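Welcome! Take a moment to look over the sequence and the model, and then we will walk through them together.

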Amino acid sequence: MKDKIILLVEDNPDDVELTLRALKKNNILNEVVVARDGAEALDYLFGKGAYAGRDMASMPAVILLDLKLPRIDGLEVLQRIRSEERTKFLPVVILTSSKEDKDRMSGYKLGANSYIRKPVDFNQFIEAVRQLGLYWLILNEPPPL
């Protein structure tokens, strides 16, 4: 399980720290790549910009994607992920504080695998991350690529 990469796409430093703490508290010791905006996430996924030359055979086991991002928002990131052959089957979990039904509907229409609202309570957040890790890193069987 530890060799499975998690791509965390989150611009809020507090939410990044909270997510990393929740992963650690649940003994999810996978490598976490943090992209601070949508453009950085796409650069990572497609080996461009600061990530030019990275090993493209090593793709994330799951992408935790916030919606409200600078430069390129989360829904556009999701749309680009789904439009490319190399990334269209990567599991994408929208992890956001948005309570807007239109965001949830747009996320699913664009091919999100799951939509999770970030719990405000830290203990609830820890439990949500535990279940995310259990499902996406252990139980889920991705399609053969």
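## A guided walk through the fold

Let us begin on the outside: the accessible surface of the protein chain comes to about 8000 Å², and carbon and sulfur atoms make up 50% of that area. Please keep in mind as you look around that this is a predicted model.

Next, consider the overall dimensions. Measured out along its principal axes, the C-alpha trace of the protein chain spans about 40 × 35 × 30 Å. A compact globule with 145 residues would have a radius of gyration near 15 Å, and the 14 Å of the protein chain agrees with this. Of the 145 residues, 48% count as buried. As for charges, there are 21 positive and 22 negative ones, and the mean positions of the two sets are 2 Å apart.

Now follow the chain from its N terminus. You will meet five helices and five strands, and they come in the order β-α-β-α-β-α-β-α-β-α. Parts of the chain that are distant in sequence also meet: among contacts with a separation of 6 or more, 64% join residues 24 or more positions apart.

What lies inside? In general, nonpolar side chains in soluble globular proteins tend to be buried together. Here the largest nonpolar core has 27 residues, and the members that touch the most others are Leu-7, Val-9, Tyr-44, Leu-45, Ile-63 and Leu-65. Several elements each supply at least two residues of this core: strands S1 (6–9), S2 (32–35), S3 (62–65) and S4 (92–96), together with helices H2 (38–46) and H3 (74–83). The largest share, five residues, comes from H2.

Ile-63 is a good place to pause. Not counting residues up to four places away in sequence, Ile-63 touches Leu-7, Val-9, Leu-45, Ile-81, Leu-90, Pro-91, Val-92 and Val-93. There is also a second, separate core, made of 18 residues, and Val-16, Phe-125, Leu-132 and Trp-136 are among them.

Our last stop is Asn-140, in the segment after helix H5 (122–139). Is Asn-140 buried or exposed? Its relative accessibility is 16%, and buried means under 20%, so Asn-140 counts as buried. Leaving aside neighbours within four places in sequence, Asn-140 is in contact with Pro-91 and Tyr-135. Pro-91 may sound familiar, since Ile-63 touches Pro-91 too.

How values were computed
Residues are numbered from 1 along each chain as its sequence is written. This is a predicted model: local features need pLDDT of at least 70, side-chain atom pairs count only at pLDDT 80 or more; totals for chains, interfaces and linings use all residues. Side-chain values use heavy atoms; hydrogens and water are left out. Helices (H or I, at least four residues) and strands (E, at least two) are DSSP runs, numbered from the N terminus. Buried means under 20% relative accessible area, exposed over 50%, partly exposed in between (1.4 Å probe, protein chains only). Contact means heavy atoms within 4.5 Å. The radius of gyration is taken over C-alpha atoms; the globule rule is 2.2 Å times the number of residues to the power 0.38. Accessible areas come from the Shrake-Rupley method with a 1.4 Å probe; for residues, only the protein chains shown count as cover. Lys and Arg count as positive and Asp and Glu as negative; His and the chain ends are not counted. The place of a charge is taken as NZ of Lys, CZ of Arg, CG of Asp or CD of Glu. A nonpolar core is a set of buried Ala, Val, Leu, Ile, Met, Phe, Trp, Tyr and Cys residues joined through side-chain atoms within 4.5 Å.
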